[in-house]
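Thanks for sharing this one. Here are my notes, point by point, to read alongside the coordinates.

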2 protein chains.
Amino acid sequence: MNFKEKWQSQIAQIVSPSNLPTDPSPFLLDQRKRYTSENCLVVQPDSVEKIQNLVRFCAEHRLPIVPQGGNTGLVGGSLANGAIVLNMSKLNRIREINLADNSLTADAGCILQDIQAAAQQANRFFPLSLASEGSCQIGGNIACNAGGLNVLRYGTMRDLVIGLEVVLPNGEIVSHLQPLHKNTTAYELKHLFIGSEGTLGIITGATLKLFAPPQAQATAWVGVNDIQAAVQLLSQMKNHFAERLCSFELISEFALKLSAQYSNLAQPVQAAWHVLIELTDSLPRDDLGDVLAQYLYENGYENSVLAQSEQTRRDFWALRENISASQRVLGANIKHDIAVPIAKVADFVADCERDLWQHYPQIQLVVFGHLGDGSLHYNTFFPEVLNNDVYQFEDAVNAIVYENVLKNQGTIAAEHGIGSLKRHWLPRVRSADEIALMWAIKRQLDPHHLFNPNKLLPEN
Amino acid sequence: MNFKEKWQSQIAQIVSPSNLPTDPSPFLLDQRKRYTSENCLVVQPDSVEKIQNLVRFCAEHRLPIVPQGGNTGLVGGSLANGAIVLNMSKLNRIREINLADNSLTADAGCILQDIQAAAQQANRFFPLSLASEGSCQIGGNIACNAGGLNVLRYGTMRDLVIGLEVVLPNGEIVSHLQPLHKNTTAYELKHLFIGSEGTLGIITGATLKLFAPPQAQATAWVGVNDIQAAVQLLSQMKNHFAERLCSFELISEFALKLSAQYSNLAQPVQAAWHVLIELTDSLPRDDLGDVLAQYLYENGYENSVLAQSEQTRRDFWALRENISASQRVLGANIKHDIAVPIAKVADFVADCERDLWQHYPQIQLVVFGHLGDGSLHYNTFFPEVLNNDVYQFEDAVNAIVYENVLKNQGTIAAEHGIGSLKRHWLPRVRSADEIALMWAIKRQLDPHHLFNPNKLLPEN
């Protein structure tokens with residue numbers, strides 16, 4: 001009798017039979033069709049209390065629990081084997097919006113786009129924005145410390161969380177959903193749960209920061225000859241436009257060509273490298289586009305196009321956001337989600353390209369990302385191996401890329417998390433003392449190692 | 001033979017005899033003259049390596065170490081007894097400024113004002129600003145997660161730290177001083193050290209965020225009839241001016257009278273409650289003052305004065321910043337550093353005043369603080385007990401204040417830390433599971449409990 005058969009009826013009683021999906025298959029395969037969960041029981045509890053009861057039952061019987069949000073992750077973070085897959089989709093209420101404190105409290109299973117919409121309806125703005133916002137969930141965004149397109153101005157998910165409600169592995173709740181803007185009462189545990197990928201607790205609710213909605217926007221596409229010219233423009237613009245500079249995306253010519261073809265859109269300009277820039281202002285002003293165009297012209301960035309209509313703006317963003325999808329159509333690829341200091345991006349790209357081509361002359365590089373944060377989606381593929389066989393090269397390609405990341409003071413994980421894909425790389429970026437402390441934290445909260453086992457932390 | 005006599009010569013060899021101050025007395029008494037350290041050896045190492053050697057020696061011989069920055073704390077956080085007082089003043093170099101990444105790396109002993117000045121010299125802005133900025137040190141600011149006057153726009157110290165260099169209790173270093181704007185590699189330990197008040201490690205260096213310098217500024221003093229009117233104005237202005245709203249300070253009439261007399265300045269307006277508002281813009285504009293004045297007028301806040309000159313602006317800020325000093329001149333007082341949701345500030349003030357006056361009809365309340373963050377310095381004094389004898393009432397007064405804080409979903413420590421003053425209150429705001437986790441973290445890093453013992457965490 002396998003895990004699922006053994007526990008199904010008891011678990012159904014705890015979470016209610018209607019909260020076991022009739023077709024669990026969508027929850028047992030990741031979006032890249034790379035990771036398959038085996039021998040698992042998928043549950044979708046519709047209350048925090050049911051989650052507590054489930055967790056207590058699992059603690060008593062030593063059953064592993066793997067939490068899952070929108071299942072949009074890229075690092076095998078909700079992969080499971082002989083475990084409860086705790087899908088959060090049914091815990092999806094907006095609990096409260098507080099206008100005096102500019103805060104929104106929501107269940108963890110709320111879809112990011114629904115939170116953006118709820119904020120907008122209250123004449124506020126929730127800035128987290130990423131390609132999967134129509135299906136990813138806020139709990140998953142928090143558990144992975146998601147980034148996305150507006151980090152330059154508003155920070156990552158971590159910066160947008162005021163407080164959390166978390167069910168611990170012992171079934172107890174830690175709840176800090178009051179909209180407190182300052183609270184320094186010993187060690188800040190909130191930041192341990194953010195980015196912990198379900199290994200320390202189940203995030204069931206969150207109080208988030210809201211902002212004044214942008215009242216003006218200007219978007220431009222700029223072609224540059226090399227990355228250093230893009231870095232130079234970024235540095236100047238950060239000091240000139242300050243917080244008005246909301247997005248600053250870098251795209252290689254090759255990445256753009258793939259996306260333009262997939263999107264059936266024309267390239268805005270011809271250049272070796274492309275930059276997509278967006279300014280926003282929270283006070284209304286009609287001239288922001290003119291100001292941006294003039295600034296680019298006066299500073300010698302003449303190979304550029306201002307989006308003169310909302311449609312053009314959307315096309316620019318589609319070119320940026322469809323890069324991953326256009327690559328997925330081509331076939332399997334080896335992804336990297338890295339960051340280096342902005343001052344080192346050009347060096348990193350040159351170093352890494354040289355080393356990869358030396359080892360793999362046939363490799364193709366799809367380089368794009370959030371230059372404003374020093375973060376690149378450094379994707380690679382082999383034109384002759386476009387199925388999952390390519391993953392046989394993954395560790396070797398990773399090794400070359402990460403060596404250059406470390407040489408340039410960078411990190412192997414910027415905004416996608418560690419999951420099961422990168423845990424063996426963690427000792428390259430965290431010291432033995434740090435990993436020992438992480439394990440001490442894990443052991444204290446989850447002594448039987450039941451919460452998302454074999455993820456995030458390297459073997460102890 | 002006392003502690004100091006016993007260890008002085010060996011410690012002098014480790015840190016060099018010139019790094020033992022000839023007159024240690026300033027480092028053994030806090031600025032409120034409330035806490036005296038006894039039987040301690042003060043050292044001022046001038047390198048990270050000497051700190052490591054000292055820490056290793058102390059680990060071997062089980063000697064407690066109490067780190068100390070500018071000694072401006074208010075909660076007895078660097079109080080010691082039979083310990084090494086590790087004063088950081090000699091570790092005070094600005095190590096690097098990186099303009100592409102808008103970052104500054106500094107030794108922990110740098111005075112806050114010197115960091116502000118170094119940023120300004122590089123045409124950048126470091127926003128942390130508080131009354132003691134001429135003597136507090138950045139390491140202390142980080143260890144206590146300092147707040148201050150610009151939190152509304154730029155966040156607390158926690159939000160301004162990119163990475164830390166920390167000497168652990170075993171003498172090893174954890175160093176993440178690369179200016180990485182995104183880095184999600186398992187549990188974020190940086191945020192454990194921020195706010196840990198020296199109990200987990202000695203912060204020796206930090207990489208900080210810099211910003212574009214403000215190019216325009218407008219400052220106004222507004223009188224209102226009650227706190228709710230101030231909250232209403234704050235809420236409107238946050239949505240209208242967004243990040244331009246940099247400071248929003250609340251001051252009671254009584255607090256203002258004390259400060260005006262001490263500062264030899266006139267009150268800008270007469271009212272029950274006062275608000276000091278500052279807008280800044282990172283693009284130059286001449287009309288920001290007019291915009292602010294017009295906004296206040298059009299929204300019915302006519303009992304207000306715009307600072308028409310830099311001198312008037314400084315006077316307004318002196319009135320705000322001298323409140324604590326004017327109270328110190330009066331004598332000893334019982335302070336609270338609390339925060340509640342902004343929506344609850346008016347209720348908290350009304351509830352607390354009622355309860356305090358019921359128990360202590362003679363008590364005087366000096367209420368002021370950062371309304372923009374929901375944080376109040378809720379100070380109290382007894383006109384007939386103006387010496388340290390007043391502390392006999394401290395626990396009872398605290399109990400009344402904190403009960404009302406908790407009733408209004410608030411916190412007992414917003415920006416001054418816990419130190420030795422509030423550790424017995426911690427179980428009121430953190431659950432047993434949370435405190436157990438904190439102790440597990442402490443034990444893992446500092447098994448012999450040598451780093452700032454008997455601070456922050458309640459008895460285990």
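1. In chain B, S6(B) runs antiparallel to strand S8 (residues 202-209), and six bridges join them. Two strands are taken to pair if DSSP finds at least two bridges between them; strands are DSSP runs of E with at least two residues, helices are runs of H or I with at least four, and both are numbered from the N terminus. Within this pair, Val161(B) has Leu208(B) in S8(B) as its bridge partner.

2. A word on the basis before going on: this is a predicted model, in which local features need pLDDT of at least 70 and side-chain atom pairs count only at pLDDT 80 or more, while totals for chains, interfaces and linings use all residues. Residues are numbered from 1 along each chain as its sequence is written, chains are lettered from A and ligands numbered from 1 in the order in which they are written, and side-chain values use heavy atoms, with hydrogens and water left out.

3. Staying with S6 of chain B, the strand spans residues 161-167, and seven of its seven residues are buried. Here buried means under 20% relative accessible area, exposed means over 50%, and partly exposed lies in between (1.4 Å probe, protein chains only). S6(B) also pairs with strand S7 (residues 173-175) of chain B, antiparallel and over three bridges. In that pairing Val167(B) stands opposite Ile173(B). The hairpin of S6(B) and S7(B) has five residues between the strands, and there Gly171(B) takes a positive phi near 90 degrees.

4. How are the strands ordered in the open sheet of chain A? The order is S4-S5-S8-S6-S7, five strands with antiparallel pairing. S4 and S7 of chain A are the edge strands, each pairing on one side only. From one strand to the next the twist averages 15 degrees. Please also look at helix H2 (residues 48-61) of chain A, which lies across S4, S6 (161-167), S7 and S8 of chain A and runs at about 50 degrees to S6(A). Contact means heavy atoms within 4.5 Å; axes are lines fitted to C-alpha atoms, for helices over the stretch in contact, and angles run from 0 to 180 degrees between N-to-C directions.

5. Asp107(A) is a nice residue to follow in this sheet. S5(A) and strand S8 (residues 202-209) of chain A run antiparallel and are joined by five bridges, with Gly205(A) as the bridge partner of Asp107(A) in S8(A). Asp107(A) also forms a salt bridge with Arg95(A), the closest N and O atoms being 2.6 Å apart. Asp107(A) lies in S5 (residues 103-107) and Arg95(A) in S4 (residues 94-98) of chain A, so the pair ties together parts that are twelve residues apart in sequence. Asp107(A) is buried at 3% relative accessible area, whereas Arg95(A) is partly exposed at 27%.

6. The salt bridge rule asks for a side-chain nitrogen of Lys or Arg within 4 Å of a carboxyl oxygen of Asp or Glu, and the count comes to 51 over all chains. One of them is formed by Asp373(B) and Lys182(A), at 3.2 Å from N to O. Asp373(B) sits in the loop between strands S14 (364-370) and S15 (375-381) of chain B, and Lys182(A) in the loop between strand S7 (173-175) and helix H7 (190-193) of chain A, so this pair joins two chains. Asp373(B) is buried, with a relative accessible area of 3%, and Lys182(A) is buried at 2%.

7. Another salt bridge, Arg320(A) with Glu249(A), has an N to O distance of 2.7 Å. Arg320(A) is in helix H11 (residues 310-321) and Glu249(A) in strand S10 (residues 245-252) of chain A, 71 residues apart. Both residues, Arg320(A) and Glu249(A), are buried.

8. On cysteines, the whole structure has zero disulfides over all chains, a disulfide being a pair of cysteine sulfur atoms within 2.5 Å. Why is Cys136(A) not bonded to Cys144(A)? The sulfur of Cys144(A) is the closest cysteine sulfur, but at 9.8 Å it is too far for a bond. Cys136(A) is buried, with a relative accessible area of 3%.

9. Lastly, the annotation: an unreviewed UniProt entry records "domain: FAD-binding PCMH-type" over residues 35-213 of chain A. UniProt positions are given in the numbering used here, feature names are shortened, and annotations may be inferred rather than shown by experiment. Over residues 35-213 the chain is 23% helix and 22% strand, with the end C-alpha atoms 39 Å apart.
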